[in-house]
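Take a look at the structure below. This report walks through its parts one at a time.

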Amino acid sequence: MTDTIFLVEDDPNILVLFRMMIERNNGYRILDTATDGQNAIEKYKKFTKKPDLVIMDHRMPLKNGIEATMEILELDENARILFASADVSVKEKALEIGAVGFLQKPAPMDVLFAGIEKALH
Amino acid sequence: MREKILIVDDEHSFRVTTKAILEEEGYKVTTAEDGLAALDILKKQIFDVILADLKMPGKDGIEVIEEAKKVDPYTIGIVITGYPSLDTAIEAIGKGCYDYMPKPYQVEDLKRIIERGLEKNRLEQEVFLLKQIAEFYNDLMAHDINNINQTTMGYLNLLLESSRSDEQKEYIEKALSAVKRSAKLIEDVRKLKQVQETEPELKVMDLTAILTECIDSAKASHKDKEVTIIYNPSAESQYILANSLASNIFSNILDNAIKFTPSKKVAIDIGVDDYSRNGKEFYRISVGDRGRGVPDEVKEAIFGRFIRGQQSIKGSGIGLYLVKTLINRCGGEVWVEDLIKGDYTQGSVFNVIVPKGRAEIR
């Protein structure tokens, strides 16, 4: 079965790139994308079928990744969130509030896929 | 720019003379006859300096200065009093006043205190501004440039996948490793900032575990080379007293050893032995490589990226500077020797000494 991914990322270049990389992999499908934390929460609420994984950027407008992660986990305690940031100093915080993994950016493709696989299972 | 001064005193003659003296100096002076009148004026404008009498009906001088500093923390508050005492002086300084002076005053003293206060003010504002600029550049690198690195790295990965020719693959690999170096440089700057700004706590750590992890990640990040690292961990546990960033000491040294070995085959030896100096017990970790070596003239300079007057080797990033900063924070040391004494071109040995940690307090 194809795993669905909800991609949250404010940098349009990275969004396009990650989407392309993820869609090249037969195992995954992008369910939807959001470009800020607030929008991510609103979209998550409306999903009738929840994604198998959320890839969450940290530095974003309106609400950052930590805030969005906390709110999404409040809506759905089973949400699996893979935190992705260049700022390693938020790693501890992200895992503490319930992210299932942390991906340090910039991440090469193999590291990205390994991170997704590990976060899904 | 004419600095603005507010004089607050219920004594008319004091206000008039002091105003005349300070206007003569080029300041723009306003006066208020008591604390409440001063507060009214402070609602409408801010002042660089407030000169306030300690004892006044309504609001006293310290209260006026406290109020003014709530609006502009850079305001210099000077309390003046005809009844100087240690208690009120301590109270004034404790509440954020810059200085305290008796009345009557010497004209030269007054001028000097105001000038000095304004100078302190200028420096503080300058430091604040410079910190903001530094923060801005740091943020720009850590976030914006890393986002660009992510995009570049990703497309190169995709290109590498679809590339057929070996020559193309080689060029793409080279470009990828350049992007990784850029990301590593940013990461090192961040770590350096972290060690410089905070004093990371020292804790007892397992040296064998740290070295094993560093060896694995060094090999993993240099897949383009055939890396052999010989390390025979001691049978008994070896504990060091170091901060949580300590693994960066060894990962940077290993990374350099691999990077600066010109051939595709890289051979590195790691040895650990006991070392004592001035009655203190250390472990000495020696990392020997067969790289291009370090000439005597730069054996110290390679660790001192930012020290004025010292040259650094081009392309070495700030890795070794980070190594030195980290090891100093742990109370240890780092130095480099020739693998073959007297012939640096045969390779180097990087020696690191780290204080031993006691396992029982782990």
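Among contacts in chain B between residues at least 6 apart in sequence, what percentage join residues at least 24 apart? The figure is 66%. Bear in mind that this is a predicted model.

**Chain B in outline**

Chain B has 362 residues, and 31% of them count as buried. Its secondary structure consists of nine helices and 12 strands.

**An open sheet**

Five strands of chain B form an open sheet. Their order is 2-1-3-4-5, and the pairing is parallel. Strand 2 and strand 5 (99-102) of chain B stand at the edges. Each has a single partner strand, so one side of each is left without a neighbour in the sheet. On average, neighbouring strands of this sheet are turned by 20° against each other, direction ignored.

Now look at two of the pairings. Strand 1 (residues 4-8) of chain B runs parallel to strand 2 (residues 28-32) of chain B, and five bridges join them. One of the residues to find is Val8(B), whose bridge partner in strand 2 of chain B is Ala32(B). Strand 3 (residues 49-53) and strand 4 (residues 76-81) of chain B also pair in the parallel sense, over five bridges. Here Ile50(B) has Gly77(B) in strand 4 of chain B as its bridge partner.

**Helices around the strands**

Helix 1 (residues 12-24) of chain B joins strand 1 and strand 2 of chain B in a right-handed β-α-β unit. Helix 1 of chain B lies across strand 1, strand 2 and strand 3 of chain B. Its angle to strand 2 of chain B is about 170°.

How do helix 2 (residues 35-44) and helix 3 (residues 61-71) of chain B pack, and at what angle? The angle is about 10°, with the axes 10 Å apart. That makes helix 2 of chain B roughly parallel to helix 3 of chain B, because angles under 35 degrees count as roughly parallel. Helix 2 of chain B makes this contact with Gly35(B), Ala38(B), Leu39(B) and Leu42(B). Helix 3 of chain B brings Glu63(B), Val64(B), Glu67(B), Ala68(B) and Val71(B). By class, the contact has six nonpolar, one polar and two charged residues.

**Where the chains touch**

In the contact of the two chains, 14 residues of chain B meet 12 residues of chain A. Helix 5 (107-162) and helix 6 (166-197) of chain B are the elements that give two or more residues to the chain B side. Helix 5 of chain B gives the most, with 12 residues. By class, the chain B side has six nonpolar, eight polar and no charged residues.

**Unusual backbone spots**

Most residues other than glycine have a negative phi, and most peptide bonds are trans. The table lists exceptions.

| Spot | Backbone value | Place |
|---|---|---|
| Lys105(A) to Pro106(A) | cis, omega near 0° | Pro106(A): loop between strand 5 (101-104) and helix 5 (109-120) of chain A |
| Lys103(B) to Pro104(B) | cis, omega near 0° | Pro104(B): loop between strand 5 and helix 5 of chain B |
| Leu62(A) | positive phi of about 65° | loop between strand 3 (53-57) and helix 3 (65-75) of chain A |
| Asn278(B) | positive phi near 50° | loop between strand 9 (265-277) and strand 10 (280-288) of chain B |

Is Asn278(B) buried or exposed? Asn278(B) is exposed, with 4 other C-beta atoms within 10 Å. Leu62(A) is partly exposed, with 14 other C-beta atoms within 10 Å.

Definitions and conventions:
Residues are numbered from 1 along each chain as its sequence is written. Chains are lettered from A and ligands numbered from 1 in the order in which they are written. This is a predicted model: local features need pLDDT of at least 70, side-chain atom pairs count only at pLDDT 80 or more; totals for chains, interfaces and linings use all residues. Helices (H or I, at least four residues) and strands (E, at least two) are DSSP runs, numbered from the N terminus. A residue is buried if 20 or more other C-beta atoms lie within 10 Å of its own, exposed if 12 or fewer, and partly exposed in between; C-beta atoms are placed from the backbone. Two residues are in contact if their C-beta atoms, placed from the backbone, lie within 7 Å. Two strands pair if DSSP finds at least two bridges between them. A crossover is right-handed if, with the strands pointing away from the viewer, the path from the first strand over the helix to the second runs clockwise. Ala, Val, Leu, Ile, Met, Phe, Trp, Tyr, Cys and Pro count as nonpolar, Asp, Glu, Lys and Arg as charged, and the others, Gly among them, as polar. Axes are lines fitted to C-alpha atoms, for helices over the stretch in contact, and angles run from 0 to 180 degrees between N-to-C directions. Angles under 35 degrees count as roughly parallel, over 145 as roughly antiparallel, 65 to 115 as roughly perpendicular and the rest as oblique.
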